[in-house]
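Welcome, and thanks for taking a look at this one. Please open the structure below and keep it beside you as you read.

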Amino acid sequence: MSVLLVLTYYHPHVSGLTIYAKRLATALAQRGHRVTVLTSRYDPALPAEEAIDGVRVVRVPVQLRVSKGVIMPSFPFVAWRLIRAHDVLSVHLPQFEASLLGLLGRLANRPVVLTYHCDLQLPRGWFNRIVDRVIFASNYFAGHLAQAAVAYTQDFAEHSHFLSRFLDKVRVIPPPVIMPKPDAATVEAFRQTHDLAGRPVVGMAARLATEKGVEVLIDAMPRLLEAFPRIKVLFAGQYEDVMGEEAYYRRLMPLIERLGPEHWEFLDVLNQEQMPAFFAACDVLIVPSLNSTESFGLVQVEAMLCGTPSIASNLPGVRQPPLMTGMGEVTPIGDPVELAEAIKRVMYNPDDYSRPRSLIEDAFSLDRTVSGYEALFEELVAEPRQTKDRVEPREA
């Protein structure tokens, strides 16, 4: 089968959405499918076309940026050519081009599958509100044209402003999780490098972005320092020059600097080999997200696979990993007092939040995700043939 995945940003851009898409594309290619990713050439230094882990990546030049979105005049022509050359179209939302892709898929008689990763909520301002509504309208139109819409969880689908309108098309496929077992020697070396001996450690793995709720952890720190004077936060992820988050960075950095490197350390983006040691070195991982731009939080499951519990905001989808596994807690959205209390409970009673790795693997795995997509794609590709067989009379 040939599969075309379309999303605005792809590797080497790092976000939960791009990690998801890369894992899916790579795994489908490894199973023998011909996979192409159509995306933006958001950085002119990137090649227009290349192969990454067996996946063909085609990047369309960007002429203009609109908030976090991009304008690509040649996109419709490239998309039309590639859609006709593939069996199924997998569109990853939110994105501005969604309605165009849905329409082109229908014109080419190719099944269209939407994967809805999160709601889009841009920074405040009248212009961003217009952009937000335009993109929602595009996604909404695509929802009517698509044959199926994939959601991470039923919880998120039922509460999503977008997916709740298309529940009859929703297929729940758990997100793909890959996390090797931590190596004890590597974890110890990591702890020594970052001066973690005898310290309670709170981990956060995210971009420094408005929706991530970093300020909730900052506001919780005075209470945590009273209970744990040597507590340290390790922040793994891009924190400088995050696209569209310049004002957020300027607002938060003075607060973080007051805590000092003794209590807050930025690790920047860690690679796949470094993440197991990071997760295992933390006593708890937190996901204090503030809105539905976060729909699950893959890092929660990754941390659990390394033996580390998670504390998540009470957001649809985001709350599911700790609720499903019992390996963590759920706290009210944007509440630093409750976040601090939950961190204390986990720190004081670690055994209450311990679960076997096998339990987490049973619920979330790359194989389960890819098999779900394969079954869905095969079903939709077969449908036109079945319809044709029913309509056309057989020869005598």
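## Helices α2 and α3

Let's begin with a pair of helices. In this predicted model, α2 crosses α3 in a right-handed sense. Helix α2 covers residues 75–84 and helix α3 covers residues 98–107; their axes lie 10 Å apart, at an angle of about 40°.

Which residues make the contact? From α2 come F75, P76, A79, W80 and I83, and from α3 come L100, L101, L104, G105 and L107. Sorted by class, the residues of this contact are 9 nonpolar and 1 polar, with no charged ones.

## Helix α7 beside α8

Next, turn to helix α7, residues 214–227, and helix α8, residues 246–259. The two pack at an angle of about 15°, and their axes are 10 Å apart. Why are α7 and α8 described as roughly parallel to each other? Angles under 35 degrees count as roughly parallel, and the angle here is about 15°, so α7 and α8 are roughly parallel.

The crossing of α7 past α8 is left-handed. On the α7 side, the contact uses V214, E215, I218, M221 and L225, while α8 brings Y248, R251, L252, L255, I256 and L259. These contact residues comprise 9 nonpolar and 2 charged, with no polar ones.

## Helix α7 against α12

Helix α7 also meets helix α12, which spans residues 336–348. Here the axes come within 8 Å and cross at roughly 50°, which means that α7 is oblique to α12. The handedness of this crossing is right-handed, whereas α7 passes α8 in a left-handed crossing.

If you would like to find this contact on screen, pick V216, L217, D219, A220, R223, L224 and A227 on α7, then P336, V337, L339, A340, I343, K344 and Y348 on α12. By class, the contact of α7 with α12 holds 11 nonpolar and 3 charged residues, and no polar ones.

## The cavity

How many cavities of 30 Å³ or more does the structure hold? There is 1, and the volume of the largest cavity is about 30 Å³.

The lining of the largest cavity is made up of V216, P288, S313, T331, P332, I333, G334, D335 and L339. Two of these names may look familiar: V216 of α7 and L339 of α12 also belong to the contact between those helices. Sorted by class, the lining has 5 nonpolar, 3 polar and 1 charged residues.

## Backbone details in the loops

Finally, a few loops deserve a look at the backbone. Where is the peptide bond from H11 to P12 placed, and is it cis or trans? The bond is cis, with omega near 15°, and P12 sits in the loop between β1 (2–6) and α1 (16–30).

Another cis peptide bond links L93 to P94, with omega about 5°. P94 belongs to the loop between β7 (88–93) and α3. Helix α3 is also the partner of α2 in the right-handed crossing described at the start.

One more residue to check is D53, found in the loop between β3 (49–52) and β4 (55–61). Phi of D53 is near 55°, a positive value in a residue other than glycine.

Definitions and conventions. Residues numbered from 1 in each chain as written. Predicted model: local features only at pLDDT ≥ 70, side-chain atom pairs only at ≥ 80, totals over all residues. Heavy atoms only, no water. Axes fitted to C-alpha atoms, helices over the stretch in contact; angles between N-to-C directions. Helix = DSSP H or I, 4+ residues; strand = E, 2+ residues; numbered from the N terminus. Parallel < 35°, antiparallel > 145°, perpendicular 65-115°, else oblique. Left-handed = near helix turned anticlockwise from the far one by under 90°. Contact = heavy atoms within 4.5 Å. Nonpolar A, V, L, I, M, F, W, Y, C, P; charged D, E, K, R; others polar. 1 Å grid on protein atoms, 1.4 Å probe; cavity = no way out; pocket = protein on both sides within 12 Å on 5 of 7 lines; lining within 4 Å. Points joined across faces, edges and corners; volume = space filled by probe spheres on them.
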